[in-house]
Every structure is written in C-alpha cells, then in structure tokens.
Amino acid sequence: MTDLPGIVRLRDRREALTLHTILNAARRLFAASGYARTPIRTIAEQAGVSPQTIYAHFGSKAGVLAGLVDLMDEEAGFPDLMAEAAELTDPVELLGLLARASRQARERCGDIVAMLASGAAVDPQIAATQAEGARRNRLGVQMVLDRVRATGHPVDPRATDIAVALMSAGVHDSLVTDSGWSYDDYQAWLTHTLVSTLLR
C-alpha cells in the first residue's frame with residue numbers, strides 16, 4: 001500500500017524533529033562535558049530516544065558531531081542566504097550578505113564554533129568536523145564571490161582567501177568578545193571592510 005502524501009510529510013516532520021532533538025541534546029552535552037566524555041547513552045537519555053535511534057540516524061558519535069555542522073548551517077540561515085545571493089546583482093549587497101552570514105553564524109551558533117575550535121587541537125574527530133565546516137564556509141564564500149564576478153565587477157584575485165580571513169573566528173572574537181563590539185557594529189564593519197578590500 002502506498003502512503004498518502006500527508007502521511008509521508010508527517011513522518012518526515014517527525015523524523016526531522018527527532019534529529020533536531022538529538023543534535024540539540026548533543027550540543028548541550030558536548031559544551032558542558034566535552035565530546036570525549038559524552039557517551040551516546042547520555043545523549044539518548046537527554047534526547048528521550050534510544051541509543052539505537054541515534055546509531056540508526058548518525059551511525060556513531062562522530063556522526064552526531066558532524067551533524068552539528070548541518071545544524072549550524074540551518075540555524076545560521078545559510079540556505080536562505082544562498083538563495084538570496086542568487087537573486088542579487090549588486091556587488092555591495094552580495095558582500096553585505098557575506099557579512100550577515102558571518103554575523104549569524106557567530107551570534108546563533110557561537111557555542112558550536114567554540115566547541116569545534118577548542119576540541120580540534122586534541123581530538124582528530126573534532127578536527128575533521130571543524131575542517132568540514134571550514135570547507136563549507138569557503139565554498140559558500142567562493143560562490144558569492146563568483147556571483148560578484150558574474151556582475152562584471154573586478155574583484156581582487158585573492159578575494160576568497162581575504163574574505164575567509166576577515167570572516168574568521170579570531171577576527172570576530174577580537175572585536176566582539178574582547179573589545180565589546182555589538183553584532184550590528186561587527187556586521188557593519190565587516191561589510192565595509194569586505195567592500196573596500198575586495199572590490200576594485
């Protein structure tokens with residue numbers, strides 16, 4: 001018997017809710033106790049699911065960790081920002097979109113960014129997950145800059161390297177965490193700096 005579309009959609013929503021519940025439980029536990037000291041059974045208890053459910057969805061604890069990169073992409077609104085970029089033709093607006101993406105990643109998911117950064121030095125699985133996040137970030141920057149070039153506006157040939165550096169956690173932390181800048185100030189500064197540095 002074929003499922004009705006409404007039943008399929010309901011099942012999809014329930015599965016998505018389960019995945020989010022597991023990832024948010026892991027997010028809290030990894031931040032509080034560390035990745036290495038958080039067993040799957042504790043994540044399962046916090047999420048209200050069985051360990052088998054976690055293994056079925058993610059395969060391993062490393063898979064749960066990798067899922068946090070997907071969660072960060074979603075919570076930071078990256079899919080919506082990329083869709084918006086596809087509709088823009090103004091280079092300044094496109095670079096402003098990069099600044100907004102950097103702000104939203106730090107403002108909404110700073111705990112995940114910090115957890116990956118602190119754990120990468122001591123745990124190869126965390127380092128691999130951080131590297132995947134960095135790869136996606138660089139790819140997103142490259143896609144937006146390709147869009148800028150498609151408008152016919154000349155761009156610094158090293159634009160991707162420069163933008164990734166300006167959007168890095170170190171720059172954000174120096175300005176927002178250490179110097180007390182607001183996120184509005186950070187986004188405005190980053191937009192101005194990307195525009196003045198990258199556009200010729």
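## Notebook: buried charges and salt bridges

**Entry 1. Asp156**

I started with Asp156, which counts as buried at 9% relative accessibility. The cut-off for buried is under 20%, so Asp156 falls inside the class. I noted that the model is predicted. Next I looked up the place of Asp156 in the chain. Asp156 sits in the loop between α7 and α8, where α8 covers 159-166. Then I listed its contacts, leaving aside neighbours within four places in sequence. Asp156 is in contact with Arg149, Ile162, Thr197, Leu198 and Arg200.

**Entry 2. Confidence**

I checked how far to trust the coordinates. The average pLDDT of the protein is 91, and 94% of the residues score at least 70. Where does the pLDDT fall below 50? I found residues 1-8 there. Beyond near neighbours in sequence, this stretch has two contacts in the model.

**Entry 3. The whole chain**

I counted elements: 10 helices and zero strands. Read from the N terminus, the order is α-α-α-α-α-α-α-α-α-α. Along the principal axes, the C-alpha atoms fill a box of roughly 55 × 45 × 30 Å. Of the 200 residues, 38% count as buried.

I then looked at the contacts between residues at least 6 apart in sequence. Of these, 65% join residues at least 24 apart. The protein exposes about 10700 Å². Carbon and sulfur atoms supply 55% of that area.

**Entry 4. Charges**

I tallied 20 positive and 24 negative side chains. The centres of the two sets lie 4 Å apart. Side chains of opposite charge can pair when their charged atoms come close. How many salt bridges does the structure hold? My lookup gave 12. I went through some of them.

**Entry 5. Arg27 and Asp111**

The side chains of Arg27 and Asp111 form a salt bridge, 2.7 Å from N to O. Arg27 belongs to helix α1 (residues 5-33) and Asp111 to helix α6 (residues 91-120), so this pair ties together parts that are 84 residues apart in sequence. Buried or exposed? I checked each partner. Arg27 is buried, with a relative accessible area of 12%. Asp111 is partly exposed at 36%.

**Entry 6. Asp70 and Arg136**

I found a salt bridge between the side chains of Asp70 and Arg136, at 2.8 Å from N to O. Helix α4 (residues 61-75) holds Asp70 and helix α7 (residues 124-150) holds Arg136, so the pair joins parts 66 residues apart in sequence. Asp70 counts as partly exposed at 42% relative accessibility. Arg136 counts as partly exposed at 26%.

I then asked which residues are linked with Asp70 and Arg136 in a network of salt bridges. I got Asp73, Glu132 and Arg135.

**Entry 7. Arg100 and Glu84**

The side chains of Arg100 and Glu84 meet in a salt bridge at 2.9 Å, N to O. Arg100 is in helix α6 and Glu84 in helix α5 (residues 78-85). They are 16 residues apart, and the pair links distant parts of the chain. Arg100 counts as partly exposed at 26% relative accessibility. Glu84 counts as partly exposed at 32%.

**Entry 8. Lys61**

I looked for a buried charge without a partner. Lys61, in helix α4, is buried yet has no salt bridge. How far away is the nearest side chain of opposite charge? That side chain is Asp123, and I read 6.8 Å. The salt-bridge cut-off is 4 Å, nitrogen to carboxyl oxygen. What does Lys61 touch, not counting residues up to four places away in sequence? I listed Phe30, Tyr35, Ala36, Thr38 and Ile40.

**Entry 9. Met167**

Last, I took Met167, in the loop between α8 and α9 (169-178). Met167 counts as buried at 5% relative accessibility. I paired Met167 with Ser102: 65 residues apart in sequence, 6.0 Å apart in space, C-alpha to C-alpha. Leaving aside neighbours within four places in sequence, I found Met167 in contact with Leu98, Ser102, Arg106, Asn137, Val141, Tyr186 and Leu190.

Definitions and conventions:
Residues numbered from 1 in each chain as written. Predicted model: local features only at pLDDT ≥ 70, side-chain atom pairs only at ≥ 80, totals over all residues. Heavy atoms only, no water. Helix = DSSP H or I, 4+ residues; strand = E, 2+ residues; numbered from the N terminus. Buried < 20%, exposed > 50% of the residue type's maximum accessible area, 1.4 Å probe, protein only. Contact = heavy atoms within 4.5 Å. Areas by Shrake-Rupley, 256 points an atom, 1.4 Å probe, with all protein chains shown as cover. Lys, Arg positive; Asp, Glu negative; His and termini not counted. Charge placed at Lys NZ, Arg CZ, Asp CG, Glu CD. pLDDT = per-residue confidence, 0-100.
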